[in-house]
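Please work through the following exercises on sheet order, helix packing and internal cavities, using the sequence and the coordinates shown below.

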Amino acid sequence: MAVTRVLLVDDHPLVRAAVREAVTAPDIEVVGEAATCESAVRATDELRPDVVLLDLDLPDRSGLDYLREVRDRLPEMVVVVLTVSAADRDLVEALRSGAAGYLTKDVAPDAIGRALREAQRGELPIPGRLAATAIKALVRSQADDAPPSQVERLTDREREVLALISDGRTDRETADALGISIRTVEAHVGSILRRTGARNRAEASSMYRSGLARPKLS
């Protein structure tokens, strides 16, 4: 029997413990846990789980940032969102960012394990009360969408990284300024180049200075 290896990402230890107990089964093994976006990225790289069960509300960055970053680098990664939010915006943004399923934390415990199995099979587990909303909202958003600008392609953290490297900061200085690892900075730079279409850091910096990809920094 094939075993699905799962990474739990949630900043609440009690929630992780409850979810671990709920999903652990002969065919599901929780191989790791993470409480922040950055630690989740590291755990994903190290463990390469079959499925990631992801909370959207993380202390350092949004779970959506994790989702976009991981799906950019590991498009085959299966990520199921488990969150308190039933908001249309969060649901649609998660699905558009590559989520393979979306659950709210008021689901029955056995529904979580079932959703992990469905996502692993290529299905799209979404509670019935959200499924119709998801379909309508996705169709509406696609109809209303204009081609995204370069700045819209960047996450908030990528914009911060772009601002710093455009200021001449090294990867080490950028990492220290943002409180992240050099490896994470390098991952962000790679994503910035892909999202903006820049061929290298110099071109991305030129775009920033000319205002083509200038972020709104707080």
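The exercises below concern a predicted model, and each is followed by a worked solution.

**Exercise 1. Determine the order of the strands in the open sheet and identify the strands at its edges.**

Solution.
- Step 1. The open sheet is formed by five strands, and their order is S2-S1-S3-S4-S5. The pairing is parallel.
- Step 2. Strand S2 (28-34) and strand S5 (101-104) each have a single partner strand, so one side of each is left without a neighbour in the sheet. These two strands therefore stand at the edges.
- Step 3. From one strand to the next, the twist averages 25 degrees.
- Step 4. Within the sheet, S3 (residues 51-54) and S4 (residues 78-83) are joined over four bridges in the parallel sense. In this pair, valine 52 of the one strand stands opposite valine 79 in S4.

**Exercise 2. State which strands are touched by helix H2 and which strands helix H3 lies across.**

Solution.
- Step 1. Helix H2 (residues 37-47) packs on the sheet and touches S1 (4-9), S2 and S3. The direction of H2 makes about 165 degrees with that of S1.
- Step 2. Helix H3 (residues 63-73) lies across S1, S3 and S4. Relative to S3, helix H3 runs at about 160 degrees.

**Exercise 3. Describe the packing of helix H9 against H8, H7 and H3, with the class of each angle.**

Solution.
- Step 1. Two packed helices are described by the angle between their axes and the distance between the axes. An angle of 65 to 115 degrees counts as roughly perpendicular.
- Step 2. Helix H8 (residues 171-178) packs on H9 (residues 182-196) at about 105 degrees, with the axes 9 Å apart. H8 is therefore roughly perpendicular to H9. On the H8 side the contact is made by Asp171, Arg172, Thr174 and Ala175, and on the H9 side by Ile182, Val185 and Glu186. By class, these residues are three nonpolar, one polar and three charged.
- Step 3. Helix H7 (residues 156-166) and H9 pack at about 95 degrees, and their axes are 9 Å apart. H7 is therefore roughly perpendicular to H9. H7 contributes Arg157, Glu158, Val161, Leu162 and Ile165 to the contact, while H9 contributes Val185, His188, Val189, Ser191, Ile192 and Arg195. The division is six nonpolar, two polar and three charged.
- Step 4. The axes of H3 and H9 cross at roughly 80 degrees and come within 11 Å. H3 is therefore roughly perpendicular to H9. The contact involves Arg68, Glu69, Asp72 and Arg73 of H3, together with Ala187, His188, Ser191, Arg194 and Arg195 of H9. These residues divide into one nonpolar, two polar and six charged.

**Exercise 4. Characterise the largest cavity by its volume, its lining residues and the elements that supply them.**

Solution.
- Step 1. The structure contains one cavity of 30 Å³ or more. The volume of the largest cavity is about 70 Å³.
- Step 2. Its lining consists of Leu8, Val9, Asp10, Val15, Arg16, Val19, Leu53, Leu54, Asp55, Leu82 and Lys105.
- Step 3. S1, helix H1 (13-23) and S3 are the elements that give two or more residues to this lining. The largest share, three residues, comes from H1.
- Step 4. By class, the lining has seven nonpolar, no polar and four charged residues.

Technical notes
Residues are numbered from 1 along each chain as its sequence is written. This is a predicted model: local features need pLDDT of at least 70, side-chain atom pairs count only at pLDDT 80 or more; totals for chains, interfaces and linings use all residues. Side-chain values use heavy atoms; hydrogens and water are left out. Two strands pair if DSSP finds at least two bridges between them. Axes are lines fitted to C-alpha atoms, for helices over the stretch in contact, and angles run from 0 to 180 degrees between N-to-C directions. Contact means heavy atoms within 4.5 Å. Angles under 35 degrees count as roughly parallel, over 145 as roughly antiparallel, 65 to 115 as roughly perpendicular and the rest as oblique. Ala, Val, Leu, Ile, Met, Phe, Trp, Tyr, Cys and Pro count as nonpolar, Asp, Glu, Lys and Arg as charged, and the others, Gly among them, as polar. On a 1 Å grid over the protein atoms alone, a cavity is a set of points where a 1.4 Å probe fits but cannot get out, and a pocket is an open set with protein on both sides within 12 Å along at least five of seven lines; lining residues have an atom within 4 Å of a point. Grid points are joined across faces, edges and corners, and a volume is the space filled by probe spheres set on the points.
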